Amino acid sequence: MATLGYFVLLSTFVVCSYAVAASVAGARRGSKRLVDSGIGAFHLVTALMVMASVLMVQAFVTDDFSIRYVWKYSDSVQPLFFKITSYWGGLDGSIMFWVFLLACFGSVAVQVNRDSHRELIPYVVAVIAGVQMFFLFLMLIHNNPFDTFLTAVPPDGKGLNPLLQNVYMVIHPPSLYIGLVGMTIPFAFGMAALITGHLDDAWLRAVRRWTMFAWIFLSFGLTLGMIWAYEELGWGGFWGWDPVENAGLLPWFTATAFFHSVMVQERRSMLRVWNVTLVILTFFLTIFATFMTRSGIVQSVHSFGENPELAMMFSVFMIVVLVFSFGLVIYRLPLLRASNELDSWASREAAFLVNNWILLFCAFFVLFATMFPTISEALTGERLTVGPPFFNRWMLPIGLMLLLLTGIGPLLAWRKSSVENLRYQFLWPTVCGATTAVLVLALGVRVWSSGICFAFSAFVLGTISQEFWRGAVIRRKSTGTDLFTAAIGLVGRSRRRYGGYIVHVGIVLMFLGFAGQGFKKSEQVLLKPGQQTTVGDYTVRMDALRITQDDSKQMVTGHFTAFKNGKEIGKMYPARWLFHKHEEPTTEVAIRRMWDEDLYLVLPSYQVNTQSASVDIVVNPLINWIWVGFAVMAFGTTIVLLPERTFAFAMAKFPAEAATTAGMLLLMASLAGPAFAQHVETETNVPLAIYSPLERELHGDIICMCGTCGRKNLAECTCSKAADMRAEITGLVKEGKNHEDVIQYYVAKYGSQEPLASPIDKGFNRLAWLFPYAIGGFGAVAGAFVVRKWSRRSETSVPVLATAPASADDAALQARLDRELENLD
Amino acid sequence: MMRRFRRASTASSKISINPLPPTSPTSDQLRPWQFFTLGGLVCATVAVFVIRGTSAENLILVCLGVFAAALVGLAALNALRPLVTGETREPEMVGGNTRAAIEREKNLVLRSIKELEFDHAMGKVAEGDYEEMVGRLRSRAVRLLEQLDKSGSGYREIIERELASRLVKAGTTSLRDADASRQMAEGKGQETAAQDFSPGICAQCGTSNDADARFCKSCGTKVLALFLALFIPFSFFLFPFTTPAFAQLQMPDPKQMSGIPRPVTDLPTGHVSVRLIRGQLSNNIQGHPVEIHAGGKILTIKTDENGRAQFSGVATGTTVKAVAVVDGERLESQDFPWPGDGGIRVMLVATAKGGEAPLPVFQPVAGNVMLGDQTRVIIDPEDGSLQVYYILDIQNSARAPVNPSSAVFMDMPTGAQTTTILRGGPQAVARGDRVTVTGPFAPGATPVEVAYRMPFDTGDVTIQQTMSLPVPGLAVLIKKVGDLGMTSPQLPNVQEREFDGERYILGQGPAIPAGGILTLNISGLPHKSPIPRRLALVLALLMIGGGTWAATRTPSKSADTGRTKQLTTRREKLFGDLVRLEQQKRAGDVDAARYAERRTTLIAQLERVYRDLDAQGGQGAVA
């Protein structure tokens, strides 16, 4: 089986090379035979990868431990579901899975666009097959997933890492891969357009849906990663700016920028170079993300370990991609000239420009901050940590700006907005935002950053509601239906616009969830059975500590009862699982989900003999809005992606879907559970360890050095090492040491700035602090330069004729056009 | 004859760019996809019958595998067919573009007009801007409508006229019939659309296993205990007088493993775990500080409940050592570089309390040592490498400790990798390929065990080991795998033996003097042939090279003439097919749907031929 699999991969590599050669030669020589044969070979690659994948899954299912990859990531007691999903659990298999997905997407994209973009297809085939060749080359030279044991075959496998034996982690990687792999299709079409010189908007239309499809899967993958981190890692948060998480986020930023700027090209024939550049950057960042995860260049809980050979091969490939693609852009610059100019800053296109600048800033900032430890180590020999505080400092204001733009953009007109127009559009959203701001101030909510976030969210929701309302009113007038039907018809007819607004609603909900983190409460306390403690409105009582066992693990479970305002809300069972085949125990958190907040319990350590357990109690306000927000985003994206002909069907089904969504929300609300009156034993209350403001500040500025928690700061990490370090800080503060002294103590103790969450703003590290300003300044200068150039062109440009002179034939055609336009409704 | 696949599209404003399923236009013969589906079904049935009795999921996967193979067959056929038969897939053309592309473009322009009208109604576009933008879009839409309408008057019209005249010539129909059949066809068309060497201790997870364990009880990795278990029965006939040192092999003394760095893959990259025990593996020392000395810096971490302290944060390659002071006893590891790939585990073993009585102290004297008759070499063939173990029995025959004039060196053979001291440290140290054992040597035996990895690409390996000390007799033991064989000029007595159901090759030989070379020629090692991979790479290079050559070579003038002739011949052939099709239709030999489909395909091909002929020199219109 392994030999067959290996030969299938070898054949795929050869067929790929044939697909590249035949397509390019066919296109250059005008030979339809060769082009058709190349396309056939391209589909053959897909068929071969399907076969290789079936062989790999079969090897896992039949416990073929003669294959090293199977031995490493599976064992005989592993549930069937995890056996199948182990296919993409490791490095070699994930590369193969990557090629498999790319082959499937490529085949579908080529088949769908074969006639409508005939001139581009040979080069699309060549580019995708070229990328496939690279990944197949990696497998043949370095990471053969079908590599076998030649001498002794182990009787059983090592088993999948317990942390990955989680349903979110099973869906998370393929979802991310679909997102990352899917971005190859727009790149291939972009390259084909550049090669052939067919640089009108046709190629953009071919790739818009693909980019959106890949984007929603990327978003889904990132959200699943957040849920996994939240539920499995047990630190009470969901996003720790881990390098590998960031790697998936980078192409997300550029792809989001692309959706917005592509509208400018379609409407105004502007930003053509920019759109090609975004497509290239997005693809490059997907490869870079893969490189970061697989080369071990960054330290992460997710990475597959250091692999210099792989790093070298990826580096060469990335250089080739950059040189080839940007070389083509430069070659085709004359054809990419914009045919319109920016008329006013108070216009939709200007809002999109600012949106693009912010998203690109985010991408470059995250890329730089993620790579800074590696750059610093290479240049100064000192390994640093660029932790969440550094990221949050910059990303928070940027995120809020982006949120505000989400509300402003739809209100602006294309080309230019008059003062009257602005007043008409902005009045109600501004009223919504201002009212919320006043309310927030009156309630005493912190202005920065949660208060501002709430006000901006209200502004954006105001904008979207206004768009729906006004649109429905206009449609009602034109169709004569009721308002509700008109609103649904509106979404059906302008799926892209109103689907996009629904995505924006999802973004607002996610931002509300992020803002809720500002009110998070987290405490750690040591409890014995019968003892209880109170955090916010919640009281948690420990009932028992029990040890149970199954085939693969020993489970130490804490039995707790949770109360809210004195009423019992349910039993909770945080646990530590010790797998027989893996040294590191896993944390099984207990979460009590409610619509407004989560009660989250973790069991970081325990003493069996004394029956005591230390428990982390976290109250996470609004966190579920993040997941609901994603669901709304997915719903909006689905509307955008719906094909034309499904509209009628979707219309018929819409009320049912609305009911389902409402049902889901009700279900979440009902998760609060029944409330019973409960007497709280105050005499057994255990006071919480109260930290001074300096200690809390230090907990945020110093990271846990256990090496396995993903460099979380001490305020968030729940491992025993973090607890020791917190105790150490308390000791140091008691000794009279100030913030600077403690920082210096840790720098001296570990011999570097590694324990610090942000590098000290001194020497080479100042670069980390200067970079965001530099990139911001560069963006402003570049923007000013472009606008100035456009303005000059504007002065010399000749007005475009609105319509050609009408002839008799033309009048008939115009009448026919009007009929067709009417029929579109 | 293989029939082509096609995609139908519409003639006018109805949007219909969806592919039709591949069909054969004029005959009822088996189509390729049907053939492969049937083949897949038959093979899957046979496969299920053959492997009946296995699990349901296996049966499903075997069936899926069979269908995947059928898919490969179908795809391969589709890739080769255009080359062999010259038949290509022809979409319907309108001017230089496919009809599908123009339909799509028109639809998008119409949508843009609607969007703009809506924006205007919402008050988002100024009146003047709206007029200009909508005017531009409407002009574009009108041009596209015109373009679509031209499909009836361009090449197609010429073709229809030519067909009608040919049909008249053929005497089968009147012009009016031909026109009616064309209209019907159009109507139909509209509707379609690193290794561990510690005895018994697992390299992967550090678990201590039973002495006879072949694989780690925790993670399944092969462990050295196999050789110890294997070696014991052999030692009885090899060496009748088992030494105390050998007895220690059966129950390894953790103290012997103290301070030896062990590269592992189960730790995060760049992490070092130091385990602190007292006397026995089961006796962890908890909460005790352990230091890592990295140059001038010292990192200190207390051990956890497993006696482990895990360090990170030292630059890769920095030479470090682990240090702990337990009850006044200073424990130090060997110096080792900070790992850049995987992690390192080190164990520091403190002397058990109330344990061994202190040995009487003798002052070392000058003297020499030699290798005893317990010296042997054990070789374990693994995938792509040999694990070679030297069990060196360094003998001091004097009553007092001996301090040789220079340390005992032993250079590992060329090609040896990851030389590690398994036993005998810290007296024995491995630096690179050189193992150095420094005195003084206690009276009796000083056991030293060294391991290294010897990688191989082909089935034959030669190991040449220079013996720095004289050996009175040597035994080499290698596990027999496949056709493995061993010869050596120094080991005249080579024989195969069986133990516990497995075969081993045992070589024995006479004394080797100091400076003598032990040569082991090992053949028949299981290895992967690099030929398939090289062949694939060469083929791929040839393909790309050939493609580049073909792409850069421009067709010559004479080729143009040939091409014109070829196109004219093809035009005639297509007209012949079209006339036959009309005749079949008239005779009722072909149903309406297939007729319409085939007709559209043939006309699309003719349109392309006409256009190509035009491109060659304007002979298209002259039929």
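In which helix of chain A is V110(A) found? V110(A) belongs to helix α5, which spans residues 91-113 of chain A. The model described here is predicted, and this report moves from V110(A) and its surroundings to the helix packing, the contact between the chains and some individual loop and strand residues.

**V110(A) and the nonpolar cores**

V110(A) has 24 other C-beta atoms within 10 Å and is therefore buried, the threshold being 20 or more. Not counting residues up to four places away in sequence, V110(A) touches I39(A), F42(A), I121(A), V124(A) and V125(A). Its separation from D75(A) is 35 residues in sequence and 39 Å in space, C-alpha to C-alpha.

One of those partners, V124(A), is also in contact with A188(A), F189(A) and A192(A), when neighbours within four places in sequence are left aside. V124(A) is listed with A19(A), V45(A) and M51(A) as having the most contacts inside the largest nonpolar core, a set of 259 residues. Another core, of 72 residues, lies apart from it and includes A322(B), W338(B), V349(B) and L469(B).

**Overall composition of the chains**

The secondary structure of chain A consists of 25 helices and 11 strands, whereas chain B has 12 helices and 27 strands. In chain A, 53% of the 825 residues are buried; in chain B, buried residues account for 39% of 623. Of the contacts in chain A between residues at least 6 apart in sequence, 73% join residues at least 24 apart.

**Two helix pairs in chain A**

Two packed helices are described by the angle between their axes and the distance between the axes. The first pair to be considered is α6 (residues 121-141) and α8 (residues 184-196) of chain A, whose axes come within 8 Å and cross at roughly 130 degrees. This angle makes α6(A) oblique to α8(A). The crossing of the two helices is right-handed. On the side of α6(A), the contact is made by Y123(A), V124(A), V127(A), I128(A) and V131(A). The residues contributed by α8(A) are T184(A), F187(A), A188(A), F189(A), M191(A), A192(A), I195(A) and T196(A). By class, this contact has 11 nonpolar, 2 polar and no charged residues.

The other pair is α14 (residues 388-408) and α16 (residues 447-479) of chain A, with axes that come within 8 Å and a crossing angle of roughly 20 degrees. The two helices are therefore roughly parallel to each other. Their crossing is left-handed. From α14(A), the contact draws on L396(A), L400(A), L403(A), L404(A), T406(A) and G407(A). From α16(A), the participants are S449(A), I452(A), C453(A), F456(A), S457(A), F459(A), V460(A) and T463(A). The class count for this contact is 9 nonpolar, 5 polar and no charged residues.

**Contact between the chains**

The contact takes 86 residues from chain A and 88 residues from chain B. On the side of chain A that touches chain B, the elements giving two or more residues are α1 (2-29), α2 (32-61), α15 (419-442), α16 and α25 (808-824). With 17 residues, α2(A) gives the most to this side. The residues of chain A on this side divide into 40 nonpolar, 25 polar and 21 charged.

**Individual residues in loops and strands**

Most residues other than glycine have a negative phi, and most peptide bonds are trans. Two residues with a positive phi are set out below.

| Residue | Phi | Location | C-beta atoms within 10 Å |
|---|---|---|---|
| Q611(A) | near 60 degrees | loop between β9 (597-607) and β10 (612-621) of chain A | 16 other C-beta atoms |
| T418(B) | about 45 degrees | strand β18 (residues 417-423) of chain B | 14 other C-beta atoms |

With these neighbour counts, Q611(A) is partly exposed, and T418(B) is partly exposed.

A further residue of chain B, T458(B), lies in the loop between β21 (444-455) and β22 (461-466). Is T458(B) buried or exposed? It has 10 C-beta neighbours inside 10 Å and therefore counts as exposed. T458(B) and L525(B) are 67 residues apart in sequence, while their C-alpha atoms are 7.6 Å apart in space.

Terms used:
Residues are numbered from 1 along each chain as its sequence is written. Chains are lettered from A and ligands numbered from 1 in the order in which they are written. This is a predicted model: local features need pLDDT of at least 70, side-chain atom pairs count only at pLDDT 80 or more; totals for chains, interfaces and linings use all residues. Axes are lines fitted to C-alpha atoms, for helices over the stretch in contact, and angles run from 0 to 180 degrees between N-to-C directions. Helices (H or I, at least four residues) and strands (E, at least two) are DSSP runs, numbered from the N terminus. Angles under 35 degrees count as roughly parallel, over 145 as roughly antiparallel, 65 to 115 as roughly perpendicular and the rest as oblique. A crossing is left-handed if the near helix is turned anticlockwise from the far one by less than a right angle, and right-handed if clockwise. Two residues are in contact if their C-beta atoms, placed from the backbone, lie within 7 Å. Ala, Val, Leu, Ile, Met, Phe, Trp, Tyr, Cys and Pro count as nonpolar, Asp, Glu, Lys and Arg as charged, and the others, Gly among them, as polar. A nonpolar core is a set of buried Ala, Val, Leu, Ile, Met, Phe, Trp, Tyr and Cys residues joined through C-beta atoms within 7 Å. A residue is buried if 20 or more other C-beta atoms lie within 10 Å of its own, exposed if 12 or fewer, and partly exposed in between; C-beta atoms are placed from the backbone.
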